[in-house]
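User: Hi! I'm new to this one and would like a quick tour. Could you put it up on the screen?

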Amino acid sequence: MDLTILWFWIIAALFIGYFVLDGFDFGVGMSLPFLGKDDTDRRVLINTIGPVWDLNETWVIVAGASLFAAFPEWYATMFSGFYLALLLILVALILRGVSFEYRHQRPESTWKKWFDGMIIVGSAVPALLWGVAFANVVRGVKLDANHDYIGTFFDLLNPYALLGGVTTLLLFFVHGVVFVSLKTEGDIRVRARKLATKAGIVTIVVAASFLVWTTFAYGTVASAIFAALAAVALIASFLANLRGAERLAFGLMAATIGLAVLTLFASLFPDVMPASNDAANSLTITNASSSTYTLGVMSWTALIGMPVILLYQGWTYWVFRKRIGRAQIEVAVH
């Protein structure tokens with residue numbers, strides 16, 4: 001296989017890993033106002049992702065570094081053109097990380113309220129803006145002959161991109177709430193399942209609209225298949241949640257997000273950054289890639305390193321697999 005094609009799909013796989021794993025972190029953070037009736041509930045919610053959120057977040061670092069090394073032109077154009085959106089994502093992630101670490105440092109309710117607010121905002125902003133960014137990549141942006149972005153910030157706020165942002169926001173929210181039902185016990189588990197049902201109905205409608213728009217406006221045969229599979233997985237997850245099959249519901253939500261990302265990448269291929277103003281200015285896997293030697297070295301590094309990373313992450317989830325409830329928090333407090 002051509003190494004440029006291989007690395008295009010490796011980049012896709014890394015972003016799938018990031019959105020599936022950090023996606024439910026975002027959802028848990030956004031669920032605080034809905035499921036956190038009191039401080040104990042909020043601590044339960046935060047503790048469901050406490051041992052893993054930082055490990056999940058490293059996937060975006062690996063994805064960004066791989067993008068920079070494999071497709072430097074793509075990296076340069078996207079990060080310069082989308083710098084404000086990506087800066088907001090970075091700031092939000094920093095605020096969220098700081099809040100997880102400092103929220104419990106003082107007992108005052110006002111102190112905790114501020115950090116709870118930063119967790120909510122720090123989860124919702126990336127969940128929205130990642131969808132806006134990737135939808136714009138698929139739709140295409142204005143590029144000059146040097147592959148520099150020549151549009152404005154408001155050009156990125158088009159209806160298709162905004163719908164993409166709302167879609168990722170809702171998918172991550174439901175993904176996180178289903179994760180809460182999987183990881184908790186007692187009343188919060190029941191309320192999480194009910195919330196996932198209510199939010200799931202809206203998510204199905206919005207996600208279906210985005211996938212249909214993507215398929216008809218920018219899609220290929222492959223992306224249409226992935227979109228159909230994503231829709232089936234989302235509906236199946238909704239039905240599994242209704243039955244109380246939490247593991248199945250969570251797995252199907254992960255499949256939904258993975259297939260949705262595959263839909264976007266399949267719609268994009270072989271471009272990596274289409275030019276909406278002139279197709280001749282588009283970045284492709286050929287003119288945006290590094291040298292064959294660089295891609296070869298990266299391939300061997302990935303072959304050796306990725307299994308180790310996956311084994312370590314799997315072990316981490318196994319160690320922290322038990323459910324969490326109010327009783328454990330109350331014992332820890334006293």
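**Cavities and salt bridges**

Analyst: Happy to! The largest cavity holds about 210 Å³ of space. Keep in mind that this is a predicted model.

User: Which residues are closest to the centre of the largest cavity?

Analyst: Thr168, Leu171, Ala260, Val261 and Leu264 are the closest to its centre, out of 20 residues in the lining.

User: And which elements give two or more residues to that lining?

Analyst: Those are helix 7 (109–139), helix 8 (159–183), helix 9, helix 10 (221–242) and helix 11 (246–268).

User: What classes of residue does the lining of the largest cavity have?

Analyst: There are 15 nonpolar and five polar residues, with no charged residues.

User: How many cavities does a search of the whole structure find?

Analyst: Counting those of 30 Å³ or more, there are three. The second largest has about 50 Å³ of space.

User: Tell me about that second one. Which residues line it?

Analyst: Its lining is made up of Val174, Val178, Ala196, Gly200, Leu234, Ser237, Phe238, Asn241 and Met253. Helix 8, helix 9 and helix 10 each supply at least two residues, and helix 10 has the largest share, with four. By class, six of the lining residues are nonpolar, three are polar and none is charged.

User: Nice. Switching topic: how many salt bridges does the structure hold?

Analyst: It holds 14. One of them pairs Arg326 with Asp38, whose closest N and O atoms are 3.0 Å apart. Arg326 sits in helix 13 (residues 326–333) and Asp38 in the loop between helix 2 (32–35) and helix 3 (39–49), so this salt bridge ties together parts that are 288 residues apart in sequence.

User: Are those two buried or exposed?

Analyst: Somewhere in between. Arg326 is partly exposed, at a relative accessible area of 32%, and Asp38 is partly exposed too, at 28%.

User: What does Arg191 form a salt bridge with?

Analyst: Its partner is Asp41, and their closest N and O atoms are 3.0 Å apart. Arg191 belongs to helix 9 (residues 187–218) and Asp41 to helix 3, so to speak two distant parts of the chain, 150 residues apart. Both Arg191 and Asp41 are buried.

User: Which residues are linked in a network of salt bridges?

Analyst: Asp38, Asp41, Asp187, Arg191 and Arg326 are linked that way.

User: One last pair, please: what about Glu108?

Analyst: Glu108 forms a salt bridge with Arg106, with 3.3 Å between the closest N and O atoms. Glu108 is partly exposed, with a relative accessible area of 36%, and Arg106 is partly exposed at 39%.

Key. Residues are numbered from 1 along each chain as its sequence is written. This is a predicted model: local features need pLDDT of at least 70, side-chain atom pairs count only at pLDDT 80 or more; totals for chains, interfaces and linings use all residues. Side-chain values use heavy atoms; hydrogens and water are left out. A salt bridge is a side-chain nitrogen of Lys or Arg within 4 Å of a carboxyl oxygen of Asp or Glu. Buried means under 20% relative accessible area, exposed over 50%, partly exposed in between (1.4 Å probe, protein chains only). On a 1 Å grid over the protein atoms alone, a cavity is a set of points where a 1.4 Å probe fits but cannot get out, and a pocket is an open set with protein on both sides within 12 Å along at least five of seven lines; lining residues have an atom within 4 Å of a point. Grid points are joined across faces, edges and corners, and a volume is the space filled by probe spheres set on the points. Ala, Val, Leu, Ile, Met, Phe, Trp, Tyr, Cys and Pro count as nonpolar, Asp, Glu, Lys and Arg as charged, and the others, Gly among them, as polar.
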